[in-house]
Structures are given as structure tokens and as C-alpha cells.
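Please look through the model below before reading on. The text after it goes from confidence to sheets, helices and side chains.

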Amino acid sequence: MTSDSTLPDIVSSVAPPSGGVNHNLQVRFKNEEGKLLLILPAETETSSSSSWADIWQQLKQRLNAGDRFWQPNTTVHLAAADRLLDGRQLQAVAEALGEVQLTLKRVYTSRRQTAVAAATAGYSVEQQTPSALNQPLTSSVPLAEPLYLQMAVRSGVEIRHSGTVILVGDINPGGIVVANGDILVWGRLRGIAHAGADGNSKCLIMALQMEPTQLRIADYVARAPTTQLTQVYPEIAHVTPEGIRISIAADFSKSQFLSS
Amino acid sequence: MSRIIVTTSGKGGVGKTTVTANLGMALARLGRKVALVDADFGLRNLDLLLGLENRVVYTTVEVLAGECRLEQALVKDKREPGLVLLPAAQNRTKDAVNPEQMQQLVNSLTESYDYVVIDSPAGIEMGFKNAIAGAKEALIVTTPEIAAVRDADRVVGLLEAEGIKKIHLIVNRLRPAMVQVNDMMSVEDVQEILAIPIIGVVPEDERVIVSTNRGEPLVLSENPSLAGKAFDNIARRLEGQTVEFIDLHPTHDNFFTRIRKLLSSII
Ligand SMILES: Nc1ncnc2c1ncn2[C@@H]1O[C@H](COP(=O)(O)OP(=O)(O)OP(=O)(O)O)[C@@H](O)[C@H]1O
Ligand SMILES: [Mg+2]
């Protein structure tokens with residue numbers, strides 16, 4: 001078998017609906033000098049659809065998926081930006097963190113009401129953003145650190161990250177992962193993966209079992225073959241002059257090496 | 001400790017209410033005290049399936065409005081003394097109730113019942129949120145169809161985000177003959193996507209429809225059909241018993257001769 005087992009149904013290069021991933025659309029964790037920063041997307045930057053319910057679901061997913069990346073009893077600083085949080089929501093966040101042995105200590109906010117709610121609940125409050133977030137976001141932001149997730153991306157779940165996504169688990173039909181970097185799926189890819197979402201066509205999508213509904217790399221789109229897989233190899237999707245192609249992973253590095 | 005279980009699916013019409021009614025009856029027959037809660041406000045029919053429609057006086061809404069006590073609203077089953085139903089209001093919308101109220105209500109039921117089983121409406125909107133509010137575990141019902149499995153997967157994700165981690169799968173309306181010729185997803189196909197432990201497989205069975213119309217859960221029947229047996233097995237597995245899964249594969253004889261065999265062996 002040659003290195004390129006191609007997708008039969010290649011769709012022409014259509015610009016996919018989503019542009020790159022905005023840094024600030026997702027609930028993120030960031031390690032900073034022995035403490036953990038929990039960063040909520042700013043209210044002004046998210047559409048109205050990014051409600052508390054969405055934020056809450058994302059937070060729970062992050063907490064369920066990444067639990068071995070922090071030590072027990074790590075202190076968490078919540079960067080709530082301009083988001084309005086009431087006492088009950090703050091308490092819910094603190095409880096969710098508590099379930100994985102994280103302790104909420106400090107709240108950064110630019111909203112007076114949130115500050116009051118946080119102070120009432122006994123957290124220390126700062127009415128400005130932490131230093132790490134002060135770097136302005138220009139259009140040429142470097143890729144964020146890889147996002148490591150151990151979970152099933154189930155139907156209706158959408159993971160967006162402005163760097164590379166490493167997923168230990170499956171992307172189920174109806175699930176979607178969008179990354180500005182590469183997407184590595186240590187599992188079965190049956191939903192949609194979009195790598196290089198801000199335009200980098202050198203990005204790759206890798207999966208132990210590649211049965212996607214659709215693959216996108218930068219502006220390229222490919223549909224899955226309609227034929228059933230008979231043998232399963234780890235595979236890598238990449239952009240060639242003919243569009244997106246899928247190669248057996250074991251052959252891919254070799255071919256890249258020879259062609260360079 | 002009492003168990004609070006929600007029966008849910010995402011997609012409509014896959015058998016949630018049928019499962020809830022039969023499971024409630026089967027658990028009661030195993031000697032448990034069971035409260036079934038109809039959380040499908042506006043479209044109630046758990047009372048119909050249980051044949052209790054004409055005994056409904058008060059509903060959840062009156063309880064929450066303080067117009068009656070909780071015990072007054074509970075409809076006692078005429079056949080199984082351990083079984084009661086908390087009916088849903090038929091004439092009010094889903095907005096008449098909120099998740100906090102449901103949680104309180106369900107919790108107060110745990111004082112007197114071993115099992116509280118909540119029948120969820122289809123969808124993932126407010127009615128669904130009400131239904132899962134107090135639940136500690138979930139039964140996901142799906143049929144072996146792509147759309148149903150897709151919705152079930154979505155619901156599993158939502159339940160996990162809500163911290164409900166004890167989730168079991170019931171595959172309903174399986175047609176072994178169709179699976180055999182690759183015209184239907186197999187139980188394994190469904191499980192591969194959902195990746196949650198399976199607690200029951202219920203075959204397609206026209207006696208389910210007959211029993212629905214009569215208001216007599218299948219598990220009550222003298223000669224239980226395969227579906228009735230399957231419901232009973234789910235109840236036993238919930239109780240912690242190890243029960244073999246019924247072999248539904250049509251090997252030498254077809255499905256219907258199997259049922260007949262089963263019947264004659266009981267008689
Ligand atoms: N195993 C089965 N074999 C045959 N028919 C079945 C089976 N299970 C359910 N049905 C039928 O499917 C229909 C829908 O069942 P049911 O009302 O329990 O679904 P539901 O999930 O509660 O629906 P809804 O979403 O509207 O609440 C009913 O007519 C019922 O009799
Ligand atoms: Mg129903």
C-alpha cells in the first residue's frame with residue numbers, strides 16, 4: 001500500500017464557516033507561579049449565546065477532563081473579566097473546584113457587582129486583570145499552549161482552542177474539535193475535526209481510528225469515505241496540492257522526511 | 001439510602017415512559033417501595049401506562065403551590081401496594097416548575113421510598129432540566145437508530161456535566177433479525193459510541209403496545225413476553241443481582257418461535 005490512502009470524496013476547498021479560534025471564547029486554565037488561573041471568556045467578546053449555562057458546562061468538562069494537571073490543594077484565582085457573577089454562581093464555581101481539590105481564593109473582575117458578590121462570599125477581590133492577561137491580543141498571537149483533554153467529545157459538544165488539542169478519547173458523531181494548531185486524537189475520530197482553523201494549512205489531524213464525518217484543515221474540507229473501514233491503522237490527515245489526504249501514520253513521517 | 005433515577009433519552013418516543021412504568025412495577029414486585037415521578041409536564045402519560053389515570057386528583061403543580069400535601073397527590077397503585085405515582089399537570093406548561101422545586105420534591109420522596117424514578121420528557125430544554133434536577137443516577141433509553149443514539153450521546157454529555165456519573169444504557173425495540181442482516185445497529189454498535197455500561201436490552205414486542213393500551217405494565221403478565229422479562233431483568237440488575245442477558249439472536253429458530261418456546265416452558 002502506498003503512503004496515501006486517499007479520501008474518495010474530496011470536496012473542493014470551501015472556506016469553512018468558522019475563522020480562527022478566538023483566544024477568549026473558552027473557559028481556560030493557566031498555570032502561573034504555583035497557582036492556577038481560571039479564565040472566563042469576557043462577556044463583551046462572546047455572543048449572547050455564551051450564557052452562564054455554556055460557561056458552566058465548559059468548566060465542568062475542563063475539570064472532568066484535566067484532573068491530573070494540578071496538584072491537590074492548589075489555589076485558584078478566578079479571572080472573571082467583565083462577566084457578571086452573582087453569589088450563587090461564585091459558590092457553584094467554588095464547589096466545582098472543591099470537588100477536584102482546588103481552592104478558590106481570589107477573584108479578578110472589572111464589574112462592581114461581581115466584586116461585591118465575591119467579597120461578600122469571603123474571597124479576596126481585585127478589580128483588575130492578572131498580569132498574565134494584560135498582554136494585548138493582536139492578530140498575530142502565537143499559538144496557545146496545547147490543550148490536553150481526557151474525555152469523550154460527545155454529540156453536541158464543541159471544543160475550541162487557539163493551540164493544539166490533544167484528546168485521549170473519542171470524538172463521537174456530532175462532536176466537534178476546532179484548533180488553531182494540530183489535533184491529535186488518541187481514540188476514534190467520528191465527528192468533525194478542524195485543524196489550523198486560523199488558516200495554517202500545515203496543520204495535521206491524527207487519529208488512532210480515522211472515521212470522521214468531516215475533516216477540515218485551514219480552508220480545506222474533506223468528507224469521510226462512505227465505505228466501511230476494514231482495517232484500522234493510526235492515520236494522519238494533511239493538506240497536499242490535491243486537497244486533504246490521509247496517510248497511514250507509520251508511513252507519514254517517512255514521506256515527509258523524504259520530500260523535505 | 002434511597003436511589004433517585006431519571007429515565008431520559010434526548011429523542012422522543014424511544015420508550016422512556018414504557019421503561020419507567022415497567023421498571024417501577026418490577027421493583028415494587030421485588031418488594032421495594034417505589035415512587036414514580038412524571039416530569040413530562042403538559043404531556044403526561046405515565047398515569048395512562050400504569051392504568052391510574054382515573055385516580056389522579058392532584059399533581060406536582062398543586063403540591064408546589066401548597067394547595068395539597070405531597071402525600072395527597074401520590075396515587076397508590078391498585079395492584080402493588082409499594083408503588084405510587086406523582087402525576088404531572090396536564091394543563092400547565094413546563095415553566096410552572098423549576099429545577100430547585102423539583103429537587104426538593106424528589107428529595108422529600110426519598111424519606112419514604114427506596115426508589116424514586118423520574119420519567120423525563122424528550123428534548124434537552126427546561127423540562128429535561130427539571131427532570132434531572134434531583135437525580136443521582138440516570139437510565140439512558142435509546143433505540144438502535146443513528147438519530148436516537150446521537151441524541152442519547154448528547155444527553156450523556158449533559159448529565160456528566162451536571163455531575164450525574166452513574167449512567168446506564170437501555171437499548172429498546174431491538175429487532176434481532178434486522179441486526180443479523182445488517183439492517184439495524186447492534187447493541188455493540190450502540191455501546192461503542194455511548195461508552196456507558198448496559199443494563200438492559202428490550203426487544204421490539206407488539207405486546208408492549210397492547211399493554212400500553214390496557215394500562216397494564218408487561219411485567220404484570222402471567223406469561224411474560226421477552227420484553228416483559230427484559231424489563232424485569234433491568235429491575236434485578238438495578239438491585240445488584242447478576243442476571244444473564246436474554247439471548248435474542250435468532251440462531252436456528254426465529255424470534256417468534258423462541259417466544260413460543262419460552263411460553264410453553266413456563267406453562
Ligand atoms: N419494546 C417495544 N416494542 C414495541 N413497541 C414499543 C416498545 N417500547 C416502546 N414502544 C412503543 O413506542 C411508543 C413510545 O413509547 P413511550 O411513550 O414509552 O416513549 P417515550 O420515550 O416516553 O416518548 P416521549 O418522548 O413522547 O415521552 C409507544 O407507543 C410504545 O408502546
Ligand atoms: Mg414519555
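What follows is a walk through the sheets, helix pairs and ring contacts of this model.

The model is predicted, with local features needing a pLDDT of at least 70 and side-chain atom pairs counting only at pLDDT 80 or more, while totals for chains, interfaces and linings use all residues. Residues are numbered from 1 along each chain as its sequence is written, chains are lettered from A and ligands numbered from 1 in the order in which they are written, and side-chain values use heavy atoms, with hydrogens and water left out.

The predictor assigns the complex an ipTM of 0.72 and a pTM of 0.76. For chain B the average pLDDT (the predictor's confidence in each residue, from 0 to 100) is 90, and 92% of the residues score at least 70. Where pLDDT is low, predicted coordinates should not be read in detail.

Chain A holds an open sheet of five strands in the order 1-2-3-4-5, with mixed pairing. Strands are DSSP runs of E with at least two residues, helices are runs of H or I with at least four, and both are numbered from the N terminus; two strands pair if DSSP finds at least two bridges between them. Strand 1 (28-32) and strand 5 (124-126) of chain A are the edges, each with a single partner strand, so one side of each has no neighbour in the sheet. On average, neighbouring strands of this sheet are turned by 30 degrees against each other, direction ignored. Axes here are lines fitted to C-alpha atoms, for helices over the stretch in contact, and angles run from 0 to 180 degrees between N-to-C directions. Strand 4 (residues 102-108) of chain A runs parallel to strand 5 of chain A, and three bridges join them. Y108(A) stands opposite E126(A) in strand 5 of chain A.

Another open sheet in chain A has six strands in the order 6-8-10-12-15-16, again with mixed pairing. Its edges are strand 6 (144-150) and strand 16 (243-248) of chain A, each pairing on one side only. The average turn between neighbouring strands of this sheet is 25 degrees, direction ignored. Strand 6 of chain A is joined by five bridges to strand 8 (residues 163-168) of chain A, and the two run parallel. Here L147(A) stands opposite V165(A) in strand 8 of chain A.

Strand 13 (residues 214-217) and strand 14 (residues 220-223) of chain A run antiparallel, joined by four bridges. Q214(A) stands opposite R223(A) in strand 14 of chain A. Two residues lie between the strands of this hairpin, in which A218(A) takes a positive phi near 50 degrees.

Two packed helices are described by the angle between their axes and the distance between the axes. Helix 1 (residues 52-65) and helix 2 (residues 87-99) of chain A pack at about 15 degrees, with axes 10 Å apart. Helix 1 and helix 2 of chain A are therefore roughly parallel, a term for angles under 35 degrees (over 145 is roughly antiparallel, 65 to 115 roughly perpendicular and the rest oblique). Their crossing is right-handed: the near helix is turned clockwise from the far one by less than a right angle, whereas anticlockwise would be left-handed.

In chain B, helix 7 (residues 146-161) and helix 9 (residues 187-194) pack at an angle of about 30 degrees, with axes 10 Å apart. That angle makes helix 7 of chain B roughly parallel to helix 9 of chain B. Helix 7 of chain B passes helix 9 of chain B in a right-handed crossing.

Chain B also has charges over rings (NZ of Lys or CZ of Arg within 6 Å of the ring centre and within 35 degrees of the ring normal). K33(B) lies over the face of Y113(B), at 5.1 Å from the ring centre. R237(B) lies over the face of F245(B), at 3.9 Å from the ring centre.
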